[in-house]
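This report describes a single protein chain for a reader who is new to structural work. Please examine the sequence and the model before reading on.

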Amino acid sequence: MSSFPIRRASSSEGDSQPVIDERKRKRMLSNRESARRSRMKKQQHLNDLMNQMAHIKIQNSQIAEQTDLMTQQYVKVESDNAVLRAQLSELTERLQSVNSVLRFVEEVSGMAMDIPSIPGSLLKPWKPPTMATADRIQF
């Protein structure tokens, strides 16, 4: 006896070809549908990424505008502070000059004068704290 089964021609072999063709057709349709779903999913993912990119670009523009506004405000405050420091220096010098005149009048007249003392903080130059400036910030 042979170990291989003997195929006998039967009427069912002729019928099996349409079954195979039907399976092949179903598999092809299934593959096409799967590929279509895959393309749709890929397109949806691409659309989502494009929307996300547009949203991030808008946020980036808003942040850049806010940064520019803050930088302008910082420059204005620095300018105002420079003016105030100059005025403080000038007024301190005037006060020292007036006190000097009052001491001279006190010595010459012999009268006791109420000469206010100048606070030490006014005599020391003010140094602003080191801040991050727009020039130093790296984007």
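The sections below treat the overall make-up of the chain, its salt bridges, two residues of helix H1 and a surface patch.

**Overall make-up**

The model is a predicted one. The chain contains two helices and zero strands. Helix H1 runs through residues 11-109. Of the chain's 139 residues, 4% count as buried. The accessible area of the chain is about 12900 Å², and 58% of this area is supplied by carbon and sulfur atoms.

**Salt bridges**

Side chains of opposite charge can pair when their charged atoms come close. In this model the count of salt bridges is five. Three of the pairs are set out in the table.

| Pair | Closest N to O distance | Separation in helix H1 |
|---|---|---|
| Arginine 36 and glutamate 33 | 2.4 Å | three residues |
| Arginine 37 and glutamate 33 | 3.8 Å | four residues |
| Glutamate 90 and arginine 94 | 3.1 Å | four residues |

Which residues are linked with Glu33 in a network of salt bridges? The network consists of Glu33, Arg36 and Arg37. Arginine 36 and glutamate 33 are about one turn of helix H1 apart. Arginine 37 is likewise separated from glutamate 33 by about one helical turn, because the two are four residues apart in helix H1.

The members of this network can also be described by their accessibility. Glutamate 33 has a relative accessibility of 30% and therefore counts as partly exposed. Arginine 36, at 34%, is also partly exposed. Arginine 37 has a relative accessible area of 47%, so this residue is partly exposed.

A further salt bridge joins glutamate 90 to arginine 94. These two residues also lie about one turn apart in helix H1. Are the two partners buried or exposed? Glutamate 90 is partly exposed, because its relative accessible area is 41%. Arginine 94 has a relative accessible area of 51% and is therefore exposed, as the cut-off for that class is over 50%.

**Two residues of helix H1 and their contacts**

Asparagine 99 belongs to helix H1. Its relative accessibility is 2%, so asparagine 99 counts as buried, the limit being under 20%. Which residues does asparagine 99 contact when its neighbours within four places in sequence are left aside? They are Ile115, Pro116 and Ile118.

Glutamate 106 is likewise placed in helix H1. With a relative accessibility of 25%, glutamate 106 counts as partly exposed. When neighbours within four places in sequence are again set aside, glutamate 106 is in contact with Met111, Ala112, Met113 and Ile115. Ile115 is thus named among the contacts of asparagine 99 and among those of glutamate 106.

**A nonpolar patch on the surface**

The last feature concerns the surface of the model. Which residues form a nonpolar patch there? Val101, Phe104, Val105 and Val108 do so, and together they have about 370 Å² of accessible area. One of them, valine 105, is found in helix H1. Why can valine 105 belong to such a patch? Its relative accessible area is 32%, and patches are made of residues with over 30%, so valine 105 passes this cut-off. Valine 105 nevertheless counts as partly exposed.

Methods: Residues are numbered from 1 along each chain as its sequence is written. This is a predicted model: local features need pLDDT of at least 70, side-chain atom pairs count only at pLDDT 80 or more; totals for chains, interfaces and linings use all residues. Side-chain values use heavy atoms; hydrogens and water are left out. Patches are made of residues with over 30% relative accessible area and no salt bridge: like charges are joined within 9 Å, nonpolar side chains (Val, Leu, Ile, Met, Phe, Trp, Tyr) within 5 Å. Accessible areas come from the Shrake-Rupley method with a 1.4 Å probe; for residues, only the protein chains shown count as cover. A salt bridge is a side-chain nitrogen of Lys or Arg within 4 Å of a carboxyl oxygen of Asp or Glu. Buried means under 20% relative accessible area, exposed over 50%, partly exposed in between (1.4 Å probe, protein chains only). Contact means heavy atoms within 4.5 Å.
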